[in-house]
There are 2 protein chains.
Amino acid sequence: MSQTDFSVISLASIASFDAEADVLVCGFGGAGGSAALEAAKAGARVILYERASGAGGSTGLSSCEMYLGGSGGTSLQKALGFEDSTENFIAYLEKAMGVRGDPEKIRLYAEGAADHFEWVRSLGVPYKEAVMLEREVVPLTDESLLFTGNERTLEFKDVAAPVPRGHVPSHEGDFGGRMFIDALTSAVVEAGVDVQYDSRVMHLIADEAGRVVGLVVKQDNQLRYVKASRGVVLTSGGFIMNDEMRKRYLPDNHKWATPYGNPFDMGDGIKLGQAAGGYTINMDEAFVSLPIYPPSKLTFGILVNQRGERFVNEDAYLARLAHYASLQPNQQLYLLVDADNFDHPMYIERLDVVATGDTIEELAAEAGIFPAGALEQTVAYFNQHAKQGVDPKFRKAPEWLSPLEKGPYGLLDLSFDKQTAVIMPGTKGPLTFTLGGLDTLPTGEVKRWNGGIVEGLYAAGRVTAGLPRSSEGYSSGMSVGDATFFGRIAGRQAASQ
Amino acid sequence: MSQTDFSVISLASIASFDAEADVLVCGFGGAGGSAALEAAKAGARVILYERASGAGGSTGLSSCEMYLGGSGGTSLQKALGFEDSTENFIAYLEKAMGVRGDPEKIRLYAEGAADHFEWVRSLGVPYKEAVMLEREVVPLTDESLLFTGNERTLEFKDVAAPVPRGHVPSHEGDFGGRMFIDALTSAVVEAGVDVQYDSRVMHLIADEAGRVVGLVVKQDNQLRYVKASRGVVLTSGGFIMNDEMRKRYLPDNHKWATPYGNPFDMGDGIKLGQAAGGYTINMDEAFVSLPIYPPSKLTFGILVNQRGERFVNEDAYLARLAHYASLQPNQQLYLLVDADNFDHPMYIERLDVVATGDTIEELAAEAGIFPAGALEQTVAYFNQHAKQGVDPKFRKAPEWLSPLEKGPYGLLDLSFDKQTAVIMPGTKGPLTFTLGGLDTLPTGEVKRWNGGIVEGLYAAGRVTAGLPRSSEGYSSGMSVGDATFFGRIAGRQAASQ
């Protein structure tokens, strides 16, 4: 049997175990650290395995935004004067996820997110009582609260009052995930978790009834058999770095996007869980990113496809922009801006100015991309209504409406095969990570493909299909928020068996 | 163990078998009948199980169009003066399927389709040497060859010379599938296949190495254990009738489309194959249908979304129309036609005329749907270019371009929540069936999720991800063509073990 086929090993075939604990956690990112900590605090003996030589996973590489609210507001939201009822939070999340959303996970998360924030704070992660109201991706100054989704767009305001929900450690610059992971690691170690790095989980072990009772881990090039008396928690991330899985489940995305995550987002846990009887959902959905902001003033521009037509409200969140962009012919798209609002998008490295012109006609002629008269017509319609503060076709919010009637104008090429991301220099296309994985109950129990659950097995984070289900409805902070929130629940659930 | 969990039964657990054959085929639709026939002709003892009380499956309910060509042309294409090189056929199929296509299956199919047609003829299925050149779905007169895809659209003409490839039994009216199934059934019986109806396959049986060596079938409410000395072929159809699977894999489609197929398209074979070690691909893709024709003159109209904007070349095949329609806001869409071309689409049962008007302005005002001036602008742009015989934005072919400048006009509501299909009266939304399933080699061997193949297991038809992979690239006849073509190969492959 190959060492990398992830098949289940039968308990009967094992002569003796090399180690034993109550709960075994596979993967030390945000989800795994949270699961291990909660399991240990509940009195379980816990071993936490991590394939890399240190903790962090993709959470460690992130800005550690968490999308939190509800219960009237988190302590940070309240301190800054924002009210956010649980029902308001649920309304936003349900609109965001549509038919793909899991109503039970949404409700549990919305009800518990404010408490979850207190838990994060209790680890010693610093938050500053300051809000960033700019249209930003992450504060590069030290504010800790900001709008990180589609809250202020008219379409979402129809269903939920806009509240900033992006909670980010106070920190100058991006990558606050390191601060969170360091705090979490200290807590995990202090709680007595046995953390083992350079350890790749190769197989789950199940008894005759299919209950997961241990795992096989590769350490120092040796296979070691470890018994779990209460449960195994899979928290090993998504599969965006697994080229074969990406081609299989996301053939379009594979063609034009750039994987974003840690190198071990290889889908190991998804395979382990499936082999044990789990199944996957939402495998065709991935986060993609089109950061036309900051600077926010670029939002005054209009995005058009190669037909010279708009296709989205430009004030949408970057993942929603990318989703609609991905549906345009050949993923070709352009941002038209006037001189007042012309700038270089901060998160896009290479970017061509296709054309400039004192008039739209001149610019269109120089660009030579659009059907005759198409861009001119689009701009005329946009201008006519923008002057009156409305955008009847796409409902961009009034504060971002400014008629394009004073040249010169510039046309930026944001086509997927042209743009490259600043944080992944040299790559091509929008950044992406997966949003599909094992189907789980809100408790983290892994649902069995032919009914019931896989006894003894739990999962959280991007190894599962969790709270965030689509780029169309994503907000920054949904993934780390979900991973840590449901990671904690999974850890407690495993420990309670 | 539940009788419906589709889990694999171990050979070791079976005391004695109730029956035995060389090849066991599960499902008597087009794929299963073809597989059984070829296996029997290759000398194998074959049992063919069918859950229903008679043969047919979804092929039996279809018009039995097969999408065939290549090798310079099928005998029917050639007799009618059409030339179709294998490379031309491949170019069309590759363009149609894009990144989702399986290049090996495409090539094998394109190389073998003309021979396959001779095999179908040899069963006694009648074809008439007459071509229908109208834009039609299926001939209601007795012609046997027609255009059934996107062949004559400019976008496809860029890559492949247009040739009619829809081969349909000569028959007045729809549902020629019955003729094919009757002929196939005669051949199957004559070849000595043991056909057993009212027989539901519940489990596969595998030996210690994972090789499939038999199955468990429920007959007269009894489980019977049957040994396969050479192999088991799964041909039990897709999963469009399985509400749970549809929600899991096609949540959007589940919301707005109407399942089309036979009642046993429940995904049984997909579950059996997965339990034995197979895996699925393309589960998020389904055929959907927007039959704005016949009558073909409706193609002179323009399709618009609720923004009053066009979104597709209206001369595209009905599945491509539906694909692009499904991407429009709330799946709301409208067909604007002038009085000369106004009619009721033949395959749409209920259909509201939202508005009429002597001018576009009048009609738009009466409709009260579109943003101010939006429809007027769309029509103005369309007319300006249609007069010159071009459609710069969507490239509808010149023969379908006619400026909308002579009222009165009518606006038909084709929104997914409004339209109902004539052939499924009382239902809502476009007809749909699934295009995802087990991943197989062109030989029908089922690929194992962790590498290699599942020994002893074969599959064909909609239980697999076969030739057709998307509604965007579908042509009528791709599914029955694929099912019977690869069904035959799978049957021969199983028999040769």
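Okay, quick one to start: is B:Phe416 buried or exposed? Keep that in mind for a minute. And remember, what we're looking at is a predicted model.

Let's begin with chain A as a whole. Its secondary structure adds up to 14 helices and 22 strands. The radius of gyration is 24 Å, and the globule rule gives 23 Å for 497 residues, so chain A is as compact as a globular protein of that length. The C-alpha trace spans about 80 × 50 × 40 Å along its principal axes. Of those 497 residues, 63% count as buried. And if you take contacts between residues at least 6 apart in sequence, 73% of them join residues at least 24 apart.

Now, the aromatic rings. Over all chains, we get 32 aromatic pairs. One of them is B:Trp256 with B:Phe416, a tilted pair, with 5.0 Å from centre to centre and 55 degrees between the planes. B:Trp256 sits in helix 9 of chain B, while B:Phe416 is in the loop between strand 18 and strand 19, so this pair ties together parts that are 160 residues apart in sequence.

Back to my opening question: B:Phe416 is buried, because its relative accessible area is 1%, and the cut-off for buried is under 20%. Its partner B:Trp256 is buried too, at 14%.

Then there's B:Phe485 and B:Phe486. Their ring centres are 4.9 Å apart and their planes are at 80 degrees, so we call that pair edge-to-face. B:Phe485 is buried, with 7% relative accessibility, and B:Phe486 is buried at 5%.

Over in chain A, A:Phe485 and A:Phe486 belong to one aromatic cluster, whose members also include A:Tyr67, A:Phe89 and A:Phe156.

Key:
Residues are numbered from 1 along each chain as its sequence is written. Chains are lettered from A and ligands numbered from 1 in the order in which they are written. This is a predicted model: local features need pLDDT of at least 70, side-chain atom pairs count only at pLDDT 80 or more; totals for chains, interfaces and linings use all residues. Side-chain values use heavy atoms; hydrogens and water are left out. Helices (H or I, at least four residues) and strands (E, at least two) are DSSP runs, numbered from the N terminus. The radius of gyration is taken over C-alpha atoms; the globule rule is 2.2 Å times the number of residues to the power 0.38. Buried means under 20% relative accessible area, exposed over 50%, partly exposed in between (1.4 Å probe, protein chains only). Contact means heavy atoms within 4.5 Å. Rings of Phe, Tyr and Trp (its six-membered ring) pair if their centres lie within 6.5 Å; planes under 30 degrees apart count as stacked, over 60 as edge-to-face and the rest as tilted.
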